Every structure is written in structure tokens, then in C-alpha cells.
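Visitor: I would like a close look at a single part of this model, with the salt bridges and burial described carefully. Please take me through that part in one connected account.

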Amino acid sequence: LWNEWKPTVMQPFALSDEQIDNIIAYINCKASGTCDGPAKPDAATAAAKGGDDEKGNKWFVWGLLGVLALLAAVLYQTVGFLDAVAKAKAGEAAGPRKTFMDFLLAKRTLSILTFFVVVAAGYLTVQNAVSLGRQQGYAPAQPINFSHTLHAGKHKIDCQYCHDGARRSKHSNIPGVSTCMNCHTVVQQGAHEGAAAKGASSAEILKIYAAAGYNPNLPSDKAYIENAEKLGEAELKAIYHHWIDSVYNAAGMKPNERVQLVEEAFQAAKAMFYKPIEWVRIHNLPDHAYFNHAQHVTAGGLQCQTCHGPVEKMDLMYQYSPLSMGWCINCHRKTEVKFAQNGYYSEYFKKYHEEIKNGTRSSVTVEDIGGLECQKCHY
């Protein structure tokens, strides 16, 4: 693995004796239960919506500029008309009446328009360069139609049951098929109303069984297929084709109605048989940006929804937040830490404790404790 992937080793940090003592004091207080972790910040949730608000503001500005341009055109035409009427009343020759096209083709107007076009082109170029590689709203199709609405919403399965790496490591892992089988050895058929919906959800469960090499026709303690990699199509069909057909039949679907659906479900499952499930990654950060899930989930006490949005309402998972540098910085500026009750902070940031006691400071944010230092994310 080392030769193939060549993982990057985190650079060592030189800690002073005082800092080491502070870390030990923090570990001891956590072990004894005399200190609490940081609070769950409400402000961070608002920061997650910053990208949407920013987009709305941009559309408002462009719309306002369009209205002002239209108003300028109407006023120019009106002024030209009134000027002609005034000259006619004074007995003067009105001359050719100026139109809006005359205004557009005037040298001064062309110069002003050229200036604004250059500025707008430069602005759009910079904005597109800054957003290069970002994929807010990205919602790729997955090999299995997994519904977070059903699992996290209706059944209230905790996010960290499946993504258990989020609380103890840098990465939030994609769950293996064994995690799915913890439930689906028991939950074997979709519970949706209607034969088609029930069969469709059961067809997705069938893919899990195929990936795990599991025979749902047998008792769960004997269901994992031995030498699964040696099974041929006929043997697979006898297992999986038979099972999904029985599901559609139990749901009340007639034989002529389910023939094609059963075959499609079997072919999809066969393609995944005894193979890793190739989930499509949605959230990506640049290689030069360091992010640690455990630091935010365990130490920071953040909810998954702070960054990933209302996952419990997503039938198809998508990227909710922009995950841009500005978005992260705004979150660090607004998020308050549970400062007074933390033994580590009581030693390392005595100045802030004194300010809180004196009433000159009401709170401490992530920014105050170094959350905007460049090396925190770009070490």
C-alpha cells in the first residue's frame, strides 16, 4: 500500500514544555469527566447557507442593473420627445428626432459600454477561475439508489453508524457492504406501498446481497455463499432471479407485469456480484487543503448537517455547501467554542478567561484561538 499510494506524512510540530503540559491536562480532565467538549454552534449552520445567500445577492444586483438600464432608455426617449415638443411650441425647427439607437451609437455611450464590458468580462473571468473545481449541487447517480430520507430521516439512523470514521479519523468513510448487511440480513424487502415501489426498493437490496455474496433464500447463519467467485450465471439466476421474482409476486404483481422488471433487477445484481460497491464520491477538497473530520465532529461537536445540509431529506445525496475557502473562514469567524468549561483552554488562553471574567469579552470564536492561521489548513 505504501509503495502504491505513497501517503503524505503530516509535518511534525515543535511543542513547548508548557504546551505539552496543557495537552496532558486536557486529556486528564476529559478522562476524569471534569470538562466538556465545545458547544454545538448555531452560527455554523447559518454559515453553511452563505453560498446560497451570495448567489441570491448576485442575481439581485444584475437584475437591478437591468432595470436601471431599461429606465435610462425610457428616460432618454422621453427627453427627446419633450425636447421636440418644446421646439415646436417655440416655432423652431424640430430637426431630426433623436432615437435610442442614436444614443447607443454615440461615442461617449460606446466608450462607457466598452468600459463596463471589459470590467464585467474581467469579473466573470476571476469568478469562474475562483470557482474552478467546485461542485456545489453535484448529485451523481450511485450504483445503489440509497435514500438518506428513508434511512436517516424516517428510520432516524445516526449518521455515524454508517460513517463511523467521521468521529475518529481525518476521513469520513464510505460504509462497506458489511455495514449494510448488519441491517439487511433482517430487513430483506422494501416496505414501500405499492407493488412497483416495493419491488424497486427490494431490487436495490438485491444488489447489496449480490455484492456481499449472500443468498437471501437461506437462513442468515448459512446464507453467505462459499466459493462465491466460482458461481456461474445459471447458479446466480437460481438464487437471485428466484428471490426477486418471489418479492414481486408477494407484492401482488402479476407474472406478465413482472417479467421484465425481474430480469432487469437480476442483471443489475449480477453485474455487482462479489465485487466492491463503486460509490461515486461527491465531496472533494483540493489536495493542498487539510480537513480533519474528527477535529470538527468530536472536538468541535458539529452536527453533520452543518456542512452537508439536511441529509435526512435527501433521496439523492448532493453537495450542499460550496466548501470554498471563504465559506470555511466565515464559519470559523462565527462559531463559538465552549471555552470556559475546557481545561485545555483555561491554561493556554488565560488572557481570554480574564477578559470573560472582567466582562470585556462575551465569547471566544474559532478565529480567536487560531482558526484563521494559514498553516491550520495549508500546513
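Guide: A residue counts as buried when its relative accessible area is under 20%, as exposed when that area is over 50%, and as partly exposed in between. The model is a predicted one, and the part chosen here is helix α11, which covers residues 233-250, together with what it meets.

By the cut-offs just given, Asp 245, with a relative accessible area of 24%, is partly exposed. Asp 245 is joined to Arg 258 by a salt bridge, in which the closest N and O atoms are 2.8 Å apart. Because Asp 245 belongs to helix α11 whereas Arg 258 belongs to helix α12 (residues 255-271), this pair ties together parts that are 13 residues apart in sequence. Arg 258, for its part, has a relative accessible area of 10% and is therefore buried, so that the bridge pairs a buried residue with a partly exposed one.

Helix α11 also holds Trp 243, whose relative accessibility of 4% places it among the buried residues. Leaving aside residues up to four places away in sequence, Trp 243 touches Gln 188, Gln 189, Ser 202, Leu 206, Tyr 209, Pro 216 and Asn 217. For one of these, Asn 217, the C-alpha to C-alpha distance from Trp 243 is 6.6 Å, although the two are 26 residues apart in sequence.

Several of the residues that Trp 243 touches, including Ser 202, Leu 206 and Tyr 209, have numbers that fall within helix α10 (residues 195-212). That helix has a salt bridge of its own, between Lys 207 and Glu 204, with the closest N and O atoms 3.2 Å apart. Lys 207 and Glu 204 are separated by about one helical turn, because they stand three residues apart in helix α10. Both partners fall under the 20% cut-off and so count as buried, Lys 207 at 12% relative accessibility and Glu 204 at 14%.

For the wider setting, the count of salt bridges comes to six. Another of them links Asp 368 with Arg 361, where the closest N and O atoms are 3.0 Å apart, and these two residues form a network of salt bridges together with Glu 355. Asp 368, at 24% relative accessibility, counts as partly exposed, and so does Arg 361, at 21%.

Note on methods. Residues are numbered from 1 along each chain as its sequence is written. This is a predicted model: local features need pLDDT of at least 70, side-chain atom pairs count only at pLDDT 80 or more; totals for chains, interfaces and linings use all residues. Side-chain values use heavy atoms; hydrogens and water are left out. Helices (H or I, at least four residues) and strands (E, at least two) are DSSP runs, numbered from the N terminus. Buried means under 20% relative accessible area, exposed over 50%, partly exposed in between (1.4 Å probe, protein chains only). Contact means heavy atoms within 4.5 Å. A salt bridge is a side-chain nitrogen of Lys or Arg within 4 Å of a carboxyl oxygen of Asp or Glu.
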